[in-house]
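Biologist: I would like to learn how to read a model like this one, feature by feature. Could you give me the general idea each time and then turn to the case at hand?

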Number of protein chains: 2
Amino acid sequence: MGPRVSAAALADRLTGLIGPRASVARGVLDQHGQSESHYRNLPPDIVVFPETTQEVAEIVKLCADVGMPIIPFGAGTSLEGNTAAVAGGVCFDFARMNKVLAVHASDMDVVVQPGITRKQLGAELRNTGLFFPIDPGADASIGGMTSTRASGTMAVRYGTMKDNVMALEVVLADGRVIRTAQRARKSAAGYDLTRMFVGAEGTLGVITEITLKVHPVPQAISAAVCSFDTLHDAVDTAISVIQAAIPVARVELLDDVMMRGINVYAKLGYREAPTLFFEFHGSETSVAEQAEAAQAIAADHGGHGFAWAKAPEDRSRLWHARDNTLYAGLGLRPGARAVITDVCVPISRLAECLTETRRDADEHGFTAPIVGHVGDGNFHMLILIDPALPDETEGAKALQARMVARAIAMDGTCTGEHGIGLGKIDYLTDELGGAVDVMRSIKRTLDPNGLMNPGKIFADGAVA
Amino acid sequence: MGPRVSAAALADRLTGLIGPRASVARGVLDQHGQSESHYRNLPPDIVVFPETTQEVAEIVKLCADVGMPIIPFGAGTSLEGNTAAVAGGVCFDFARMNKVLAVHASDMDVVVQPGITRKQLGAELRNTGLFFPIDPGADASIGGMTSTRASGTMAVRYGTMKDNVMALEVVLADGRVIRTAQRARKSAAGYDLTRMFVGAEGTLGVITEITLKVHPVPQAISAAVCSFDTLHDAVDTAISVIQAAIPVARVELLDDVMMRGINVYAKLGYREAPTLFFEFHGSETSVAEQAEAAQAIAADHGGHGFAWAKAPEDRSRLWHARDNTLYAGLGLRPGARAVITDVCVPISRLAECLTETRRDADEHGFTAPIVGHVGDGNFHMLILIDPALPDETEGAKALQARMVARAIAMDGTCTGEHGIGLGKIDYLTDELGGAVDVMRSIKRTLDPNGLMNPGKIFADGAVA
């Protein structure tokens, strides 16, 4: 069932409400339909740029009145088509709702609007002695990170968005505004609605305010890099570091293909072998002790050339390489696009999952670098394809399907941090079976007309 | 609308299914209707002792067929009447489902049945190098702790049940069995059903299996105790310790009244003043460094006689005092019962909330010791009453109401870790307003006939 008015008629009403902050300009629409991954452009009919929760609620009510889809949009950096307007509709761009509303330094929390990006938030927190540790690589918006349950390199120490979102303000599908929690550090008061909206990809409501935990800036930071002969040795090192209760802040694995990409991209001379990047946070003493203990463990597993970086500029150079894996990976095949996918498995199965996936990609002739948040058992593969060749796209999707099936068979998940979006709807059912029916019941209850970011998480026809 | 058959008729059918593991013996029923807090005995009609998930599902289906309430029961240690059979029904006692099903040492997780208690789990983990850190004081069952979103003394370092439950198997109200997640450390696959059932107090389904994070036993542990002239000084010390990024494992506050109780109970000679109990986990070096840093901060806030305990027997003696606050508190008024209540506020407001609550209790003539998980902003008050005097019960409830209102006004929660149960239903609405309607929608969707632990979280008539 489509909307009951034309997009043009709704656009007129929206212009009446917020003036030029409702746009139907072709360029604006196209910009909001694109993806950083391989999905085709699926633009909305209208883009709005609300400035207040009240405006969001009013626009949601207008959309609900006429049956028009509602798609929240942050920085557009998601990877599974999570903001694609599969059925048209109104895209809510939160670029103008990007303020820090409060910094509670004693409580170590901040209240922000959803459009602020993580780098903007980092800049706002400078000089407070606090920082926000979730780093998914891209300069994503906090609203988008909340909606995809993002995590990234520091999750092994600081948790994911699930662990760092304390409370939300949400506009529901009928325009009601709720707050999911107060600002206490913990609560046993009723159902955990906060966690219900974190990771819901905008399919249950529109997030308009987020209370986040922030953390004290560590007194000292040091970083290190170390290569290994096999993926197994690298993974076993990471597992041993964690089992030894070394509170590592980051432990990232790059495979030989990705290391080659980094050498090419950044004109570096790293050994092109499976490599771990470490970062340690703590007091001066603690950081030194952590790094020495990790070095000893790496040596036990045949690690080569454990290289240290304590000075900020040395650390930056080291991590700059890691932070640019997307571009470094793409550089391995100029002109290519990437099918970017992630899975997460129990770490005892990670080496096996990585090795089989590496072999599978190689056997099928794909250039497909791998990078992993190895402390969590989470890894990404960038499958480089020429989008003009349908066979390659199909082959990449088949390779991804085998990778996901392998992860699920190992008691893992079809996505550790990118979300379901458009791309992993079938895999969600493969993974969780009947639990998906429960998710669908909740979706129907909170969004009976199926207007909230339709086509994501669930197959299109499945909800309505 | 009551059940469509008599309890006796259902008991016959249950006996047919599981033999003598269905009981209607008066003593058994009464034992399952009682509470560790001040609630009157509200026994179920039947108690069953299932041994498998399949049995739970079959019994749930029988109950659903005839409209009989379903009440999951662990160790019976909850404090808000969370297992009271307000409308009769079938109590599911999980005493016979108390196994560890798997220990995945490399992955640092375990799979357990809901009836295992935390001390039993601790014993099972001995010799694995791993431990489960959630310690609510009582020897609660893991199923009960999951259902009330328990936390306790080590939450400041290791998180609450919300953070340590990785996946659940749940029997739904119609007997369907679902798994909420795989065993990966993190996932972005669909709605977070795990967190929806954690803290739902059995009102959405019956938990039959729990996958938990476990943690490496720290290499070294040390403990310390330090008294202060005022609650403010003690709280400010705790805040400074946390802001200094000292990864304290426990920081517990006992007020002067509670310290008096402990001296009487354990024949000790502590100063009867606000007192902090600390515990530090880490390497030998790190623990020493943490404790020294905390000592310096305590001294800055006028801390008296920072006393150390490194040897296990000294630590045990020190924490034994803290661990027996319930009995120590009750000992302050022989023959009394306790109205036990908890709230949690942002830590910047904690000193104010504590001081006002202390004054309020004193002014109204109550002996009411206070103990707090101060790193989280969470504290408990034991209001000692003579249950034979209705005025005292009413006065205690009014004191609790003022304490809760104070916490909510400070952006805190009406319960940090005990749950809503019977006792805090109205406060939940005071705290979260319209969000409670969303909780109620979810309840109606998953339990349309209102059979799952009725009368808890929501007022009786509100759901059906």
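Biologist: Which side chain of chain B meets that of Asp376(A) in a salt bridge?

Modeller: Keep in mind throughout that this is a predicted model. A salt bridge is read from a side-chain nitrogen of Lys or Arg within 4 Å of a carboxyl oxygen of Asp or Glu. Here the partner of Asp376(A) is Lys186(B), with 3.2 Å from N to O, and the interface of chain B and chain A holds 6 salt bridges by this rule.

Biologist: Which elements of chain B supply residues to the side that touches chain A, and which of them gives the most?

Modeller: Across this interface, 37 residue pairs are in polar contact, both residues being at pLDDT 80 or more. Among the elements of chain B that each supply at least two residues to the side touching chain A are strand S9 (177-179), helix H9 (231-243), helix H11 (284-300) and helix H16 (425-432). Helix H17 (435-446) of chain B is also on that list, and H17(B) gives the most, with 9 residues.

Biologist: How many residues are in contact on each side, and how much area do the two chains bury between them?

Modeller: Contact joins 80 residues of chain B to 80 residues of chain A, and the two chains bury about 6,200 Å² between them, with 59% of that area on carbon and sulfur atoms. On the side of chain B, the residues that lose the most area to chain A are Gln182(B), Lys186(B) and Tyr191(B), which together account for 15% of what that side buries. Lys186(B) is thus a residue to look at twice, as it also forms the salt bridge with Asp376(A).

Biologist: How should I read an interface inside one chain, and what lies between domain 1 and domain 4 of chain A?

Modeller: The assignment for chain A gives domain 1 (7-95), domain 2 (98-216), domain 3 (220-326) and domain 4 (333-421). Taken over C-alpha atoms, the centres of domain 1 and domain 4 of chain A are 31 Å apart, and 7 residues of domain 1 are in contact with 11 residues of domain 4. These two domains bury about 780 Å² between them, with carbon and sulfur atoms giving 49%. In domain 1 of chain A, His38(A), Leu79(A) and Glu80(A) lose the most area to domain 4, together 69% of what that side buries. The rule finds 0 salt bridges across this interface, while 2 residue pairs are in polar contact, both residues being at pLDDT 80 or more.

Biologist: Turning to strands, is S14(A) enclosed or open to the outside?

Modeller: In a regular strand the side chains alternate between the two faces of the sheet. For strand S14 (residues 275-282) of chain A, 8 of the 8 residues are buried, so the strand is largely enclosed by the rest of the structure. One side carries Thr275(A), Phe277(A), Glu279(A) and His281(A), the other Leu276(A), Phe278(A), Phe280(A) and Gly282(A), and both faces are covered.

Biologist: Which strands pair with S14(A)?

Modeller: Strand S12 (residues 220-227) of chain A runs antiparallel to S14(A) and is joined to it by 8 bridges, whereas strand S13 (residues 250-254) of chain A pairs with S14(A) in the antiparallel sense over 5 bridges. Phe278(A) is a useful landmark: Ala224(A) stands opposite Phe278(A), and Val251(A) has Phe278(A) as its bridge partner.

Biologist: In chain B, is Arg250(B) buried or exposed, and which side chain does it join in a polar contact?

Modeller: Arg250(B) lies in strand S13 (residues 250-254) of chain B and has 10% relative accessibility, which is why it counts as buried, the cut-off being under 20%. Its side chain joins that of Thr153(B) in a polar contact of 3.2 Å. Beyond its neighbours within four places in sequence, Arg250(B) is in contact with residues including Asp135(B), Phe278(B) and Trp319(B).

Biologist: What is the phi of Ala245(A) and of Ile457(A)?

Modeller: Neither residue is a glycine, yet Ala245(A) has a positive phi of about 60 degrees and Ile457(A) a positive phi of about 70 degrees. Ala245(A), in the loop between helix H9 (231-243) and S13 of chain A, is partly exposed at 42% relative accessible area. Ile457(A), in the segment after helix H17 (435-446) of chain A, is buried at 1%.

Technical notes:
Residues are numbered from 1 along each chain as its sequence is written. Chains are lettered from A and ligands numbered from 1 in the order in which they are written. Side-chain values use heavy atoms; hydrogens and water are left out. Buried means under 20% relative accessible area, exposed over 50%, partly exposed in between (1.4 Å probe, protein chains only). Helices (H or I, at least four residues) and strands (E, at least two) are DSSP runs, numbered from the N terminus. Two strands pair if DSSP finds at least two bridges between them. Domain bounds come from an automatic or database domain assignment. Contact means heavy atoms within 4.5 Å. Buried area is the accessible area (1.4 Å probe) that two parts lose on being put together, summed over both. A polar contact is a pair of N or O atoms within 3.5 Å; within protein, one must be able to donate a hydrogen and the other to accept it, and residues adjacent in sequence count only if both atoms are side-chain atoms.
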